Amino acid sequence: MIKTSEIIETINMVDKEHFDIRTITMGISLFGCIKDTARDTANAVYDLICSRGKNIVKVANDLSVEYGVPVVNKRVSVTPASFLTAKFMGEEIEIALALDKAAKEIGVDFIGGYSALVHKSMTESEKSFILSIPEVLSKTERLCSSVNVGSTRAGINMDAVKLVGEVVKKAADITKDGLGAAKFVAFCNAVEDNPFMAGAFHGVGEGDCVINVGVSGPGVVQNALKSIPNASITELAEVVKKTAFKITRVGNLVLDEASKRLGAERGIVDLSLAPTPVIGDSVGHILEEMGLEEVGCHGTTACLALLNDAVKKGGVMACSNVGGLSGAFIPVSEDIGMINAADSGSLTLSKLEAMTAVCSVGIDMVAIPGDTPVSTISALIADEMAIGMVNNKTTAVRIIPVPNKTVGEYVEFGGLLGRAPIMPVHNKSAEKFISRGGRIPAPIHGNKN
Amino acid sequence: MKCVLTVIGKDKPGIIAKVSNLLANKNVNIEDISQTIMQSTFTMIMLVNIENATATMKDLKEELVSLGEEIGVSIHLQHEAVFDAMHKV
């Protein structure tokens, strides 16, 4: 039998340290749904998602009861929708509404995959698709959207970056408090099996139906570090690794069982430390536990690099298939430590940018003034994409130019999306750079053949 | 299905009796039991088999939780696999 102390440790992780399975995400291929008209395609999409995903909520809830570990979100990701809408330029919304309706019917929290992959270039239909995103986000509730605008192999499609800046601005302008922009991500090196929103989509290299699981546990890591207040940095890394191993093992177990019960392919575990706005569930606080006065001060990037790497190492050992983003997330509005640091001025956009070079995502859930010029938004995206492209890693941008609000004010999204202080952006213009268009060539190390 | 039942709280007479009684009423078999005081807290761990239980795991958990509230202890019931996964390589 397992040792008493180990049983108590597991129970405390859930009861006191907010350990949970953050999401069970079912990836569904929609290629078989492509028909001659938008209406027929939309109907086929709706029917397929409802039939494949009808038991996901029940299975997630059953597993939650049996294992005593909460499964917080149930989600669906689908084939990037731009592949489905190529024939129906101008009618993209039909597919979007079908996706949203299907998500509501089966009871999942979010559905991801209103997405396009344009890292090298864009077709006319993909351009039309990207332009449809703001309206789609304003007319749907649970649908999330993403566009991959760069990769280490292809470089950065700056025409797409320009367009995506416009999408972010418009999506924010036509939704309450800019919420539309919180459901949209621009990516470099997007991964095909990410279970987390808003960036999840079911990659073109995936099978018919797959289950991916995202685990989380910033509170567990923070508590483990708290128990060794005077340890050396080497010891910190070791403890993070061991903790990541334990929480990923539970993700692995849930992945096995969920895919079996749902009759789907066993996908990956994404071992990410995903914070929530609750106290005791913050990545920012882990970094502070390592010895920073407040996240954002000098030393933050180094602490985050250590954390991200140790999480990956522990997790990889715990699960045969690790994927997704896997690392530490730093969404400002969803992390109480980050919110406080942004509020006090410790955490700036420039520091966040540096942090994204060493963690698993990018500039995430950052609120900026509503009057930020579109070219500045595009330029911010371009910077972030450049970090991903050169470092051969995924980077993402999810920023919200909050309408009619400026620095010093707050935006309240509620729930998991949390609240955010409006952060200042650089006020010098990159208009000329963004207006040039074209492509940033791939870095030399992208050419590996 | 084998589950681990954990009772944590302040020690007092009758905890084991009450928990065992509830389990017996639901036809749950106790396969192993250990009890200790950890950091002045009463901790009891039972390995139980709910295969022939007359209640679903969800209902059983709810009844155990409310029994726990009644006698002032916290009671958890979890599939054994979660502990094996986490603590065995």
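Two residues are in contact if their C-beta atoms, placed from the backbone, lie within 7 Å. This is a predicted model: local features need pLDDT of at least 70, side-chain atom pairs count only at pLDDT 80 or more, and totals for chains, interfaces and linings use all residues. Residues are numbered from 1 along each chain as its sequence is written, and chains are lettered from A in the order in which they are written.

**Exercise 1.** Find the contacts of Val149(A), leaving aside neighbours within four places in sequence.

*Solution.* Start with Val118(A) and His119(A). Add Ile156(A), Asn157(A), Ala160(A), Val161(A) and Val164(A). Finish with Ala186(A), Phe187(A), Cys188(A) and Met385(A).

**Exercise 2.** Place Ser128(A): is this residue buried, exposed or partly exposed?

*Solution.* Locate the residue: Ser128(A) sits in helix α5, residues 124-139 of chain A (a helix is a DSSP run of H or I, at least four residues, numbered from the N terminus). Apply the cut-offs: buried needs 20 or more other C-beta atoms within 10 Å, exposed 12 or fewer, and partly exposed lies in between. Ser128(A) is partly exposed because its C-beta neighbours inside 10 Å number 18. Now check its partners beyond four places in sequence: Met89(A), Gly90(A) and Glu92(A). The C-alpha atoms of Ser128(A) and Gly90(A) lie 6.7 Å apart, across 38 residues of sequence.

**Exercise 3.** Describe the side of chain A that touches chain B.

*Solution.* Count first: chain A puts 18 residues into the contact, chain B 21. Then assign elements: α1 (4-15), α3 (56-67) and α9 of chain A each supply at least two residues of chain A's side. The largest share, six residues, comes from α1(A).

Notes: Nonpolar A, V, L, I, M, F, W, Y, C, P; charged D, E, K, R; others polar.
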